[in-house]
Amino acid sequence: MRGGASGAAARRAAAGGGGKRPPPTIPGAPVVGGLLRFLRGPIPLIRAEYARLGPVFTVPILTRRITFLIGPDVSAHFFKSNESDMSQQEVYRFNVPTFGPGVVFDVDYQVRQEQFRFFTEALRANKLRSY
């Protein structure tokens, strides 16, 4: 799995859950891929490719392939898939300095799920009002 969606999960998302075709990949120069367009502005790149390719597409950037799942119909796969199909940890590893070592995306799946249950409860609206 690289960049967000594993091959199997991305194919399911691209085909509405049951397909076997990979998501379309934006064209780009060898090695550099979509890096130059991404550096010019990720939001314009995402908007343009969403309009051209739809809610699921892949952007090759150097040695990574980042698959975007845009919208509730396809992004649910990212949040609800098994860890073996789609790794949130790999995608969000850049957040480790934000939360610190041993927290959220720097821990194994079981510990992360336990931490998420704690966060979910602590961040409920009624709890936030009481802080």
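# Exercises on rings, charges and burial

At 26% relative accessibility, Phe-119 counts as partly exposed. The model from which this value was computed is a predicted one, and the exercises below work outward from its overall fold to individual side chains.

**Exercise 1. Describe the fold of the protein in terms of the number and order of its helices and strands.**

Step 1. The secondary structure is made up of eight helices and two strands.

Step 2. Read from the N terminus, the elements follow the order α-α-α-β-β-α-α-α-α-α, so that the two strands are placed between three helices on one side and five on the other, as the DSSP runs are numbered.

Step 3. Of the 131 residues in the protein, 34% are buried, while the accessible surface amounts to about 8400 Å², with 59% of it belonging to carbon and sulfur atoms.

Step 4. Among contacts with a separation of 6 or more, those between residues 24 or more positions apart account for 47%.

**Exercise 2. Find how many aromatic pairs the structure holds, and classify the pair of Phe-57 and Phe-68 by its geometry.**

Step 1. A search of the whole structure gives three aromatic pairs.

Step 2. For Phe-57 and Phe-68, the ring centres are 5.3 Å apart and the ring planes stand at 25 degrees; because planes under 30 degrees apart count as stacked, this pair is stacked.

Step 3. Phe-57 belongs to strand S1 (residues 56-61) and Phe-68 to strand S2 (residues 64-69), so that the pair links distant parts of the chain, 11 residues apart.

Step 4. Both Phe-57 and Phe-68 are buried.

**Exercise 3. Classify the pair of Phe-116 and Phe-119, and state whether these residues are buried or partly exposed.**

Step 1. The ring centres of Phe-116 and Phe-119 lie 6.4 Å apart with the planes at 65 degrees, and since an angle over 60 degrees counts as edge-to-face, the pair takes that class.

Step 2. Both residues are found in helix H7 (residues 109-122), three residues apart, which means that about one helical turn separates them.

Step 3. Phe-116 has 25% relative accessibility and counts as partly exposed, and Phe-119, at 26%, falls into this class as well, because partly exposed covers the range between 20% and 50%.

Step 4. Ring pairs join Phe-116, Phe-118 and Phe-119 into a cluster.

**Exercise 4. Locate the salt bridges of the structure, and determine which residues are joined into one network.**

Step 1. The whole structure contains three salt bridges.

Step 2. One of them is formed by Glu-49 and Arg-37, whose closest N and O atoms are 2.7 Å apart. Glu-49 lies in helix H3 (residues 42-53) and Arg-37 in helix H2 (residues 35-40), so this salt bridge ties together parts that are 12 residues apart in sequence.

Step 3. Glu-49 also forms a salt bridge with Arg-52, with the closest N and O atoms 2.9 Å apart; these two residues are three positions apart in helix H3, and therefore about one helical turn separates them.

Step 4. As for accessibility, Glu-49 counts as buried at 3%, whereas Arg-37 has a relative accessible area of 29% and is partly exposed.

Step 5. A further salt bridge connects Glu-121 with Arg-124, where the closest N and O atoms are 3.1 Å apart. Glu-121 is partly exposed at 37% relative accessibility, and Arg-124 is partly exposed at 42%.

Step 6. Shared partners join the salt bridges of Arg-37, Glu-49 and Arg-52 into one network.

**Exercise 5. Work out whether Thr-58 is buried or exposed, and which residues surround it in the structure.**

Step 1. Thr-58 lies in strand S1, and with a relative accessibility of 2% it counts as buried, because buried means under 20%.

Step 2. The side chain of Thr-58 makes a polar contact of 2.8 Å with the side chain of Thr-67.

Step 3. If neighbours within four places in sequence are left aside, Thr-58 is in contact with Pro-23, Pro-24, Thr-25, Ile-26, Arg-65, Ile-66 and Thr-67.

**Exercise 6. Identify which residues form a nonpolar patch on the surface, and place Leu-128 in its helix.**

Step 1. The nonpolar patch consists of Leu-123, Leu-128 and Tyr-131, which together have about 360 Å² of accessible area.

Step 2. Leu-128 is part of helix H8 (residues 125-130), and at 44% relative accessibility Leu-128 counts as partly exposed.

Technical notes: Residues numbered from 1 in each chain as written. Predicted model: local features only at pLDDT ≥ 70, side-chain atom pairs only at ≥ 80, totals over all residues. Heavy atoms only, no water. Helix = DSSP H or I, 4+ residues; strand = E, 2+ residues; numbered from the N terminus. Buried < 20%, exposed > 50% of the residue type's maximum accessible area, 1.4 Å probe, protein only. Contact = heavy atoms within 4.5 Å. Areas by Shrake-Rupley, 256 points an atom, 1.4 Å probe, with all protein chains shown as cover. Phe/Tyr/Trp six-rings, centres within 6.5 Å; stacked < 30°, edge-to-face > 60°. Salt bridge = Lys/Arg side-chain N within 4 Å of Asp/Glu carboxyl O. Patch = residues over 30% accessible without salt bridge, like charges linked within 9 Å, V, L, I, M, F, W, Y side chains within 5 Å. Polar contact = N/O pair within 3.5 Å; in protein donor to acceptor, adjacent residues only side chain to side chain.
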